[in-house]
Protein chains: 2
Amino acid sequence: MLTLLLAEAAIELIPKKIWRHPSVLKHAKRRGKKAGAILLDRSYHHSAMKDLKNAYKRGRPDITHLSLLIALGTPLNKNGLLKTYIQTRDEYIIHVNHKIRLPKNYIQFTGLIEQLYELGRVPKQGTPLLELKKHSLQDLFRIKDESYVVTLMKDGEPKTLDTLINTLIKKKNPVVVIGAFPHGRFSKDIIDISDESVSIYSETLEAWTVTSRVIYEYEKALFNL
Amino acid sequence: MLTLLLAEAAIELIPKKIWRHPSVLKHAKRRGKKAGAILLDRSYHHSAMKDLKNAYKRGRPDITHLSLLIALGTPLNKNGLLKTYIQTRDEYIIHVNHKIRLPKNYIQFTGLIEQLYELGRVPKQGTPLLELKKHSLQDLFRIKDESYVVTLMKDGEPKTLDTLINTLIKKKNPVVVIGAFPHGRFSKDIIDISDESVSIYSETLEAWTVTSRVIYEYEKALFNL
């Protein structure tokens, strides 16, 4: 079993500070929703975002959408051997049921995440496919101290992905952390829970590319391909 | 240099037959465009699509969007070692400049492709980033007969991806064909241009998963990783 954490995902509801910005008001009106119930998205709120702190790391739910689609479609996930979490910008942890059929359409995906923020889970009844929980990463990976957490970042220790996976596969509860934000570095929280920080390529790779490659190598190691 | 063909991509303008369907009219009005200038998309035109032949293979530009994003973000592409073509449902070939910065947002992507259908190229002036051409696959891969074309499909000859790539890497002009449609089989045209049909997994994999894995293994073989 491999655990994947899409960390510091650029997902959050539009913060109060920019609810009254004209571009936000216009978009909210078109959506027929309150600004505070809509996901922040640079495609629609670019001009409003200049008033936000650390804006370069925010408003990109598409990164999580693509990375999740990639992860959930893999044979590893379909065989129930991948556990996926998303840590959002506003400090929730989304627990992803591996059986979810994620909307391929981006608008439907953001609608689903907005529903998740509203209800705390989707669907409203029955087995949850997504759950939004407020707890720390320490709770998730550190309480029993059995996890081995590797965070992938450009400035980490250079290793080939094969080498890394061959170490991981021997661990009891391996966790791979991939940043799901557009620019910048991981926060201290992530560094604190990491046993290792590894760089698999000399330049920044997109979250979905890293997600895909990690899972593929893990499958190869696990199934002896 | 590897050539990637996203084949029979579920991309086409809304066909005349369903222009007057209520769901199409409504969507066209909202977009402020004529129905015939909008991409067919199952997310919006589901109810209208039941009147179309082979509807199960059509109306999914998102498959191409994701597969392209995956392909263009790879180190192979960024190093100028990947050439990408898209064969559309309505028999155009889209020539993709490897330097294009593809919109990550799906709505912006479909807008770009609609512009491509209108103008035949984008941007309108300067070096083309996308070109829409009407010619056959034979013209592309067979005129000089130097290509080695491998089509990936569930019913092909089972091979590990490593084995396949180790063959491909020795060819002068290797071409990998990946289906960018949601269901069904390749048409005879694709089979006719293929030197080999290969299955890399016992079940259907999504186009973007296959795209990612092929390019990754090719990089590993090329760069001796």
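How much area do chain B and chain A bury between them, and what share of it is on carbon and sulfur atoms? Chain B and chain A bury about 2,700 Å², 52% of it on carbon and sulfur atoms; buried area is the accessible area (1.4 Å probe) that two parts lose on being put together, summed over both.

The model is predicted: local features need pLDDT of at least 70, side-chain atom pairs count only at pLDDT 80 or more, and totals for chains, interfaces and linings use all residues. Residues are numbered from 1 along each chain as its sequence is written, chains are lettered from A and ligands numbered from 1 in the order in which they are written, and side-chain values use heavy atoms, with hydrogens and water left out.

**Stop 1: the interface**

Select both chains. In contact (heavy atoms within 4.5 Å) are 32 residues of chain B and 32 residues of chain A. Now pick B:Lys104, B:Arg213 and B:Tyr216, which lose the most area to chain A, together 24% of what the chain B side buries.

**Stop 2: salt bridges and polar contacts**

Keep B:Lys104 and add A:Glu206. These two form a salt bridge, with the closest N and O atoms 3.7 Å apart. The term requires a side-chain nitrogen of Lys or Arg within 4 Å of a carboxyl oxygen of Asp or Glu, and the count between chain B and chain A is eight. There are also 11 residue pairs in polar contact, both residues at pLDDT 80 or more. A polar contact is a pair of N or O atoms within 3.5 Å; within protein, one must be able to donate a hydrogen and the other to accept it, and residues adjacent in sequence count only if both atoms are side-chain atoms.

Next, colour the helices of chain B. Those giving two or more residues to the side that touches chain A include H2 (42-49), H5 (106-119) and H9 (207-222). H9(B) gives the most, with eight residues. Helices (H or I, at least four residues) and strands (E, at least two) are DSSP runs, numbered from the N terminus.

**Stop 3: symmetry**

Lay chain B on chain A: a turn of 180° and a shift of 0.0 Å along the axis give an RMSD of 0.0 Å, by least squares on the C-alpha atoms of residues with pLDDT of at least 70 in both. The two copies are thus related as by a two-fold rotation axis. Of the interface residues of chain B, 100% are also interface residues in chain A, so the copies meet through the same surface.
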